[in-house]
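The following exercises ask the reader to work from a structure to its local features. Each task is followed by a solution in steps.

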Amino acid sequence: MCLAVPGRVLEIGERDGTRMATVDFGGVQKEVCLEYLPDLRVGEYAIVHVGFALQRLDEESARKTLDLFAELGMLQEEFGDPWEQAARFGDEKEVPQ
């Protein structure tokens with residue numbers, strides 16, 4: 001599943017002529033394209049989907065959403081190690097007898 005996840009902008013720079021940011025998603029940091037939100041600043045929150053910041057979000061809403069996603073295990077699903085997840089999923093399967 002691909003979620004649109006709120007994240008907080010930690011730093012902004014440019015890569016190959018594209019405005020990029022390091023964004024924190026409840027402890028996981030990813031590089032995000034800011035071309036759709038050119039005026040987004042460090043410290044602000046945005047909804048991010050497939051590596052693009054799409055909409056500015058207030059801090060309270062972002063924190064509530066991140067807390068809910070964490071509680072439901074959705075942040076691990078979205079940002080966790082896919083090899084670890086595959087191994088864990090494989091362990092949960094029943095072996096036919």
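A residue is called buried when its relative accessible area is under 20%, exposed when over 50%, and partly exposed in between. The model is predicted.

**Exercise 1. Determine which residues of helix 1 are buried, and how they are arranged about the helix axis.**

Solution.
1. Locate the element: helix 1 covers residues 59–72, which is 14 residues.
2. Check its length: from the first C-alpha to the last, helix 1 reaches 20 Å, close to the 20 Å expected at 1.5 Å a residue.
3. Apply the cut-off of under 20%: the buried residues of helix 1 are Ala62, Leu66 and Phe69.
4. Look down the axis: these buried residues fall within an arc of 65°, so they line one face of helix 1.
5. Recall the general geometry: an α-helix has 3.6 residues a turn, so residues three or four places apart point the same way.
6. Turn to the face directed away from the buried side: the exposed residues there are Glu60, Lys64, Asp67, Glu71 and Leu72.

**Exercise 2. Describe what is found at the start of helix 1 and what follows the helix.**

Solution.
1. At the start of helix 1, examine Asp58: one of its side-chain oxygens comes to within 3.3 Å of the backbone nitrogen of Glu60.
2. After the helix comes Gly73, with a positive phi near 80°.

**Exercise 3. Identify salt bridges within helix 1 and state the sequence spacing of the partners.**

Solution.
1. Begin with the principle: side chains of opposite charge can pair when their charged atoms come close.
2. Take Glu59 and Arg63, whose side chains form a salt bridge at 2.8 Å, N to O.
3. Count along the helix: Glu59 and Arg63 are four residues apart, about one turn.
4. Assess their accessibility: Glu59 has 41% relative accessibility and therefore counts as partly exposed, and Arg63, at 43%, is likewise partly exposed.
5. Take next Glu60 and Lys64, whose closest N and O atoms are 3.0 Å apart in a salt bridge.
6. Glu60 and Lys64 both belong to helix 1 and are also separated by four residues, about one turn.
7. Lys64 has 55% relative accessibility, so it counts as exposed.

**Exercise 4. Find where the partners of the salt bridge between Arg56 and Glu44 lie, and which network includes them.**

Solution.
1. Note the total: the structure holds four salt bridges.
2. Among them, the side chains of Arg56 and Glu44 meet at 3.4 Å, N to O.
3. Place the partners: Arg56 is in strand 5, and Glu44 is in the loop between strand 3 (28–33) and strand 4; the pair, twelve residues apart, links distant parts of the chain.
4. Classify Arg56: at 33% relative accessibility, it counts as partly exposed.
5. Extend the view: salt bridges with shared partners join Asp39, Glu44 and Arg56 into one network.

**Exercise 5. State which residues make the nonpolar surface patch, and whether Val50 is buried or exposed.**

Solution.
1. The patch, of about 410 Å², is made by Tyr36, Val50, Phe52 and Leu54.
2. Val50 sits in the loop between strand 4 (45–49) and strand 5 (52–57).
3. Its relative accessibility is 57%, so Val50 counts as exposed.

**Exercise 6. Compare the separation of Arg8 and Leu57 in sequence with that in space.**

Solution.
1. Arg8 belongs to strand 1 (residues 5–15).
2. With 33% relative accessibility, Arg8 counts as partly exposed.
3. Arg8 and Leu57 are 49 residues apart in sequence, while their C-alpha atoms are 9.4 Å apart in space.

Notes
Residues numbered from 1 in each chain as written. Predicted model: local features only at pLDDT ≥ 70, side-chain atom pairs only at ≥ 80, totals over all residues. Heavy atoms only, no water. Helix = DSSP H or I, 4+ residues; strand = E, 2+ residues; numbered from the N terminus. Expected span 1.5 Å × (residues − 1). Buried < 20%, exposed > 50% of the residue type's maximum accessible area, 1.4 Å probe, protein only. Arc of directions from axis to C-beta. Polar contact = N/O pair within 3.5 Å; in protein donor to acceptor, adjacent residues only side chain to side chain. Patch = residues over 30% accessible without salt bridge, like charges linked within 9 Å, V, L, I, M, F, W, Y side chains within 5 Å. Areas by Shrake-Rupley, 256 points an atom, 1.4 Å probe, with all protein chains shown as cover.
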